[in-house]
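Visitor: I should like to learn how to read the features of a protein model. May we go through one together?

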Amino acid sequence: MKPSVWGAAVLALSAGTALAVDPQRPASSQYQSIIPTSTSGTYYNPALNNIPGAVTPSLSYPGGFDFQPSIDRSRIAVPGTVNVPVPDPSRINPSIVSGGTQQPRWRLGVYSKDTDTGVRIVQVVQGGSAARAGLEPEDVIISVNGFQVGYVNGTLYDTSSEFERLADRNGWVNMLVMDRRNRMLVNLPVQLDSRLSRITGQITYRDNYRLPANSIALVELKEIVRPGAPMVTLNTRRIVTTQNQYPVPFEIDFDPQLVDSRRTYVLTASIVTGGQTMYMMQQPVQVLAPGSSNQLSLVLDRVTAYNGVGNPYASRDQQIERVVAWFREYLKRDPSAQELLVYQSQFDRGLTMQDVQADILGMPLVWNQADRDKVQYIVNLHQMLIGRQPTNEELQYWLSRYDAQQGIRRDLAREFLAAVGNPGY
């Protein structure tokens, strides 16, 4: 590793010894895991506290971390203890996963070899993430965000899988690396390269109405398959807005390798409050065409029919399109033709979009996703509709409402949708 990169942030390491362990795996009594304790841009390594003569560094870098590794601190190895590994369902041995064809998003930019003591770098790609971070051939990556990589007890945990699991939205990870020059350890923040590209911009709307708290801006990248046919949604970005937020910034990713210049791609946007659309675009904006910009300003108009109640959608096609989007988001599947016919018939009888959304949220599949547990179901409602965990007070309130509704989830979801559309919630 280039000396200018790691400076004094090192820890003596004897040959063949790794000082970072995965808290989900057996750990020697003298080691601890490397765990980020701050997201402010300064990284602190608690493992160094128990190593005699070790230097405890603080590394700062632009942007800081915003990832939150799913690490159970109660299972961190500490001196004098023996940890029994607990299976981590989020960390599956990639060699036993079949059928996965999706290309990894994040790239370090190295050719490497997996070993029992880490991942040894064989070659560094010029201009890549590793080169910018100062990594060199024969450096050894010991862990990523505190999780060991390479062969661990005969099982391969490759860096590519760990990058996909642990990198934050902007590609930041923290790696423990053994410098090949002096066999010292260094904590190295690295921003990985993404194979995805990004469309960014801002959403504006034509009046000065203050958005209710927790309104949701929806930006969708779609493909027009053929004139008159429903558009195919390729990616959806949900942004939970705050009061007085204007304009609303957005970003949405796409894979440039999947973009076909012969096809037509568009961007749509809307602002939803309490399950109803307050603002939407009159016409979608074409994107990803040769010479088009990936920096956009989307202008939304207020939905004429919106008054806090009733059906704010301008056409039946828009109603069905929203139903399909909810099925995909909440149920992870498309609605059947029969289900769509039922909803169309109910729309004719005056069913509102909020009723439809409540009906979907009350379906058994959503209940099963919460392990048939009312606490988890209420937590999931908060995550899906307002993008955050409930406070303890909110959780207790909605548990009482669940019981008052006698466990009828559709009625609870309808009440919840009305509440999140209230600016005071």
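Visitor: Among contacts in the chain between residues at least 6 apart in sequence, what percentage join residues at least 24 apart?

Guide: Please keep in mind that this is a predicted model. Among those contacts, 62% join residues at least 24 apart in sequence.

Visitor: Which residue may serve as an example, and where does Ala167 lie?

Guide: Ala167 lies in the loop that runs between α3 (159-166) and β11 (172-178). Ala167 and Trp106 are 61 residues apart in sequence, yet their C-alpha atoms are 8.1 Å apart in space. Leaving aside residues up to four places away in sequence, Ala167 touches Trp106, Glu162, Trp172, Val173 and Leu192.

Visitor: Is Ala167 buried or exposed?

Guide: A residue counts as buried when its relative accessible area is under 20%. Ala167 has a value of 15%, and it is therefore buried. In the chain of 425 residues, 47% count as buried.

Visitor: How should one read Tyr111, and in which strand does Tyr111 lie?

Guide: Tyr111 lies in strand β5, residues 110-115. The cut-off for an exposed residue is a relative accessible area over 50%. Tyr111 is exposed because its relative accessible area is 52%. Together with Val122 and Val125, Tyr111 makes a nonpolar surface patch of about 270 Å².

Visitor: What are the totals for the secondary structure and the accessible surface of the chain?

Guide: The chain has 10 helices and 21 strands. Its accessible surface comes to about 20,800 Å², and 49% of that surface belongs to carbon and sulfur atoms.

Terms used
Residues are numbered from 1 along each chain as its sequence is written. This is a predicted model: local features need pLDDT of at least 70, side-chain atom pairs count only at pLDDT 80 or more; totals for chains, interfaces and linings use all residues. Side-chain values use heavy atoms; hydrogens and water are left out. Helices (H or I, at least four residues) and strands (E, at least two) are DSSP runs, numbered from the N terminus. Buried means under 20% relative accessible area, exposed over 50%, partly exposed in between (1.4 Å probe, protein chains only). Contact means heavy atoms within 4.5 Å. Accessible areas come from the Shrake-Rupley method with a 1.4 Å probe; for residues, only the protein chains shown count as cover. Patches are made of residues with over 30% relative accessible area and no salt bridge: like charges are joined within 9 Å, nonpolar side chains (Val, Leu, Ile, Met, Phe, Trp, Tyr) within 5 Å. A salt bridge is a side-chain nitrogen of Lys or Arg within 4 Å of a carboxyl oxygen of Asp or Glu.
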